[in-house]
Amino acid sequence: MTAEYEAVKPPESELVIVTGMSGAGRTTVAHALEDQGWYVVENLPPAMLGPLTEMMSRSQGSIPKMAVVMDVRSKEMFPEIRDALAHLTSSGVKFRLVYLNASDEVLIRRFEQGRRPHPLQGDGRIVDGITRERGITEQLREAAEIILDSSSMSVHDLARAVNELFSESGPVILRINVMSFGFKYGLPTDANYVADVRFIPNPHWVPELRPQTGKDKEVSDYVLSQEGTRDFIENYLKALEPVFEGYRRENKHYATIAVGCTGGKHRSVATTIELGRRLAQFPNVRVSISHRDLGRE
């Protein structure tokens, strides 16, 4: 039997708000999302965000994915976006905030190559407009779920990054199967990573625990309370963080983590369940738990 844990459950209708620095690639992101079938609204005044989301909710699924691009062309109205986003949150509207960024040097070069002024530079220089815009949008950058720095990206690189981040159900979801097994039955052939928990004292040698499994609270408490078990789990999770980031960069969506003990009944089962519970707290990770050898003895 397989237990399921989900860290991310996308809403029926998805709303993405794209903002950030002028010249960082908002239009490219908007076009990439539109190519994926998103309904895209550009340069929306913040005051219109509420009515737009209400229209989306009344569409009964006819607009399942909407992206709204908001930028400083709204000028004095732009700071109101914080209030608009706060209103969405208080109203229970789920959304993802994407912030586009780039270095000052890159932004200046892009404006100069395009022979156009920065929308906030007024009578000053391009860098003056960039500085003003950074001040206006700083809180949005800090609140963003996704920050894309396009400094070293071409338009094609940025579009590719958007395609990798967003699928039919939103940002790329890593699907991780955590499997317990017994070494005496052989290594799982489909395991990407194998963890050996035979260093933990074996509940098999505790008479009252022997007939139970790692699914039982008594066995789980025994395994997790042993010296080194919690440290192992904590350090293993830290080691997986850069792995998951690499998976996203390589557009890899699935991996199996196998956790083994001698027979696959006590230690590996309890550790697998705890690992799965903790992994499910990672952003954009969906975890399934399975026990290959449980019940084979």
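Here are some worked exercises on a predicted model.

Residues are numbered from 1 along each chain as its sequence is written. Local features need pLDDT of at least 70 and side-chain atom pairs count only at pLDDT 80 or more, while totals for chains, interfaces and linings use all residues.

**Exercise 1.** Work out which residues of helix α2 are buried, and what they pack against.

*Solution.* Start with the terms: helices (H or I, at least four residues) and strands (E, at least two) are DSSP runs, numbered from the N terminus. Buried means under 20% relative accessible area, exposed over 50%, and partly exposed in between (1.4 Å probe, protein chains only).

Next, go through residues 49-58: the buried ones are Leu49, Gly50, Leu52, Thr53 and Met56. They cover an arc of only 165° around the axis, so they sit on the same side of α2; the arc is that of the directions from the helix axis to the C-beta atoms. As background, an α-helix has 3.6 residues a turn, so residues three or four places apart point the same way.

Finally, the partners: the buried residues of α2 pack against β2 (14-20), β3 (39-42), β4 (65-69) and α3 (80-90). Contact here means heavy atoms within 4.5 Å.

**Exercise 2.** Sort the side chains of β6 by face, then find the strand that β6 is joined to.

*Solution.* Take the faces to begin with. Ile146 and Leu148 point to one face and are buried, while Ile147 and Asp149 point to the other and are not. That's the usual pattern: in a regular strand the side chains alternate between the two faces of the sheet.

Now the pairing, which requires at least two DSSP bridges between two strands. Four bridges join β5 (residues 96-101) to β6, and the two run parallel. Leu100 is the residue opposite Leu148.

**Exercise 3.** Place Ser150, say whether it is buried or exposed, and list its contacts.

*Solution.* Ser150 sits in the loop between β6 (146-149) and α6 (155-165). Its relative accessibility is 2%, so Ser150 counts as buried. Leaving aside neighbours within four places in sequence, Ser150 touches Ala24, Asn101, Ala102, Arg110 and Leu158.

**Exercise 4.** Arg115 and Asn284 both have a positive phi; decide for each whether it is buried or exposed.

*Solution.* Most residues other than glycine have a negative phi. Arg115 has phi near 55° and belongs to the loop between α4 (104-114) and α5 (126-143). With a relative accessible area of 80%, Arg115 is exposed.

For Asn284, phi is near 60°, and the residue lies in the loop between α9 (267-279) and β12 (285-291). At 13% relative accessibility, Asn284 is buried.

Notes. Side-chain values use heavy atoms; hydrogens and water are left out.
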